[in-house]
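Me: I have a structure open and would like to go through it piece by piece. Can you help me read it?

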Amino acid sequence: MLLSLKVTYKTATGQDYKAGSPPVDFSPVSNNGPTTTQDEDFVDPWTVQTSNAKGVDYDKLIVRFGSSKIDKELINRIERVTGKPPHHFLRRGIFFSHRDMNQILDAYENKKHFYLYTGRGPSSEAMHLGHLIPFIFTKWLQEIFNVPLVIQLTDDEKYLWKDLTIDKAYEYAIENAKDIIACGFDINKTFIFSDLDYLGMSSGYYKNVVKVQKHVTFNQVKGIFGFTDSDCIGKINFPAIQAAPSFSSSFPQIFKDKKDIQCLIPCAIDQDPYFRMTRDVAPRIGYLKPALLHSVFFPALQGAQTKMSASDPNSSIFLTDTPKQIKTKINKHAFSGGKDTIEEHRKYGGNCEVDVSYMYLTFFLEDDDKLEQMKQAYTSGALLTGELKKVLIETLQPLIAAHQQRRKQITDEMVKQFMTPRKLAFDF
Ligand code: TRP
């Protein structure tokens, strides 16, 4: 209830609730901007909240955001065009929405190039499981399409939004880069950049930032992001910085003078406001609109009402957690859709739709048959919550240990190489 009141407060004032302090310079946001919540789901780049234990209603979100559903037909087309079986994130609706993916496939079929762009806001040293989702999927896309990839680390964004020094934000960017590299990206096909570094190094990038700035008004960003008159001007400008990597001329070292290489952005759906804005300005500054693939959120351990958050250690499984921590967190905190007693559970069965352990398995247990078995056994009551949790623990422990192992091998020299503006293994 308190959470939902806080969301209502933010909807009305555009500001985070702080006990005992009335809203600053309050003037109601005219069009309710990002926070329209007839159905009580709240989704913007900073907050995800719903009152429904099953999580956000993604079908409604597609309608509200005006994107398109990734349907069977599109998945089949991806399979046809690439000759590779679709990733389980596609098969299971984890990437569920898109904009213009058919255009990308047209281009690919016609042997035209495109590139991938994704990013990460380095708000802390500790990345959690949820942060891996877009990167795991992006790596798969890079492999099946064999295309260049740029990864933006928005250390500037986190400096502007959080209580962090510039140096700390930059340090987190470098630390996060190691976790990203550990996902297995190809050093010859991937450019990772910190905004704090690259913006001052690339006139191509900065020129595009300024072009976007000139074509978006304060009124528009207020409408899209809910900024108010008391937000610092850095925040108001930031959307232009996240928009510009969608244009190939921001990376002349990779694309030479080519301005028309199409961009595909895999991201969680909360980042869509940035790219709605980008797609709106693109034709007005002579560029192609980026295409998008949107994922659902990775639920917090406590339930799908909100996403995992790095600032709440009990809501998340971190990439640095030990096998023991993983086990304890899941056993202690993972919200269960099971019944209160064994007798009742055996009789009525568990509810996979709200069970966090089951949800996590849909992300990380790749074997479709085994997942289906779990679902049936849990729903029928044959499988108990503790047993389901055990399967999850045994799935995540080796996965995270392997990640830690790979991360250990990443040297400062490798990070530097990934982050140096350079030509990649593609000729443009
Ligand atoms: N703003 C994003 C975050 O806070 C980071 C980001 C920058 C990003 N560019 C992106 C995410 C492109 C997805 C795609 O995490």
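Reply: We can take the sheet, then the core, then the empty spaces.

Reply: This is a predicted model, in which local features need pLDDT of at least 70 and side-chain atom pairs count only at pLDDT 80 or more, while totals for chains, interfaces and linings use all residues. Residues are numbered from 1 along each chain as its sequence is written, and side-chain values use heavy atoms, with hydrogens and water left out.

Me: OK, the sheet. What is the order of the strands in the open sheet?

Reply: The order is 3-4-9-8-5-6-7, seven strands with mixed pairing. Strands (E, at least two residues) and helices (H or I, at least four) are DSSP runs numbered from the N terminus, and two strands pair if DSSP finds at least two bridges between them.

Me: Which are the edge strands?

Reply: Strand 3 and strand 7 (190-194), each of which pairs on one side only. Strand 7 runs parallel to strand 6 (residues 149-153), with five bridges joining them, and L149 stands opposite T190 there.

Me: And at the other edge, how many bridges join strand 3 to strand 4?

Reply: Two, and strand 3 (residues 68-69) runs antiparallel to strand 4. K69 stands opposite S97 in strand 4. Strand 4 also pairs with strand 9 (residues 291-295), again in the antiparallel sense, over four bridges; in that pairing R99 stands opposite L292.

Me: Is strand 4 buried or exposed?

Reply: Five of the five residues of strand 4 (residues 95-99) are buried, so the strand is largely enclosed by the rest of the structure. Buried means under 20% relative accessible area, exposed over 50%, and partly exposed in between (1.4 Å probe, protein chains only).

Me: Next, the core. Which residues touch the most other members of the largest nonpolar core?

Reply: F95, M101, L129, I192, I317, Y360 and L396, out of 81 residues. Helix 6 (residues 129-145) gives the largest share of this core, nine residues. Domain 1 (44-301) and domain 2 (323-409) both contribute, so the core lies between them. A nonpolar core here is a set of buried Ala, Val, Leu, Ile, Met, Phe, Trp, Tyr and Cys residues joined through side-chain atoms within 4.5 Å, and the domain bounds come from an automatic or database domain assignment.

Me: Now the second largest pocket. What is its volume?

Reply: About 1,000 Å³. On a 1 Å grid over the protein atoms alone, a pocket is an open set of points with protein on both sides within 12 Å along at least five of seven lines, a cavity is a set where a 1.4 Å probe fits but cannot get out, and lining residues have an atom within 4 Å of a point. Grid points are joined across faces, edges and corners, and a volume is the space filled by probe spheres set on the points.

Me: Which residues lie nearest the centre of that pocket?

Reply: K54, Y58, R92, G93 and V296, from a lining of 36 residues. Helix 18 gives the most to this lining, with five residues, and each of domain 1 and domain 2 supplies at least three.

Me: Last topic. Which residues line the largest cavity?

Reply: S246, F247, S248, K259, D260, I261, Q262, C263, Y287 and L288. The volume of this cavity is about 40 Å³.
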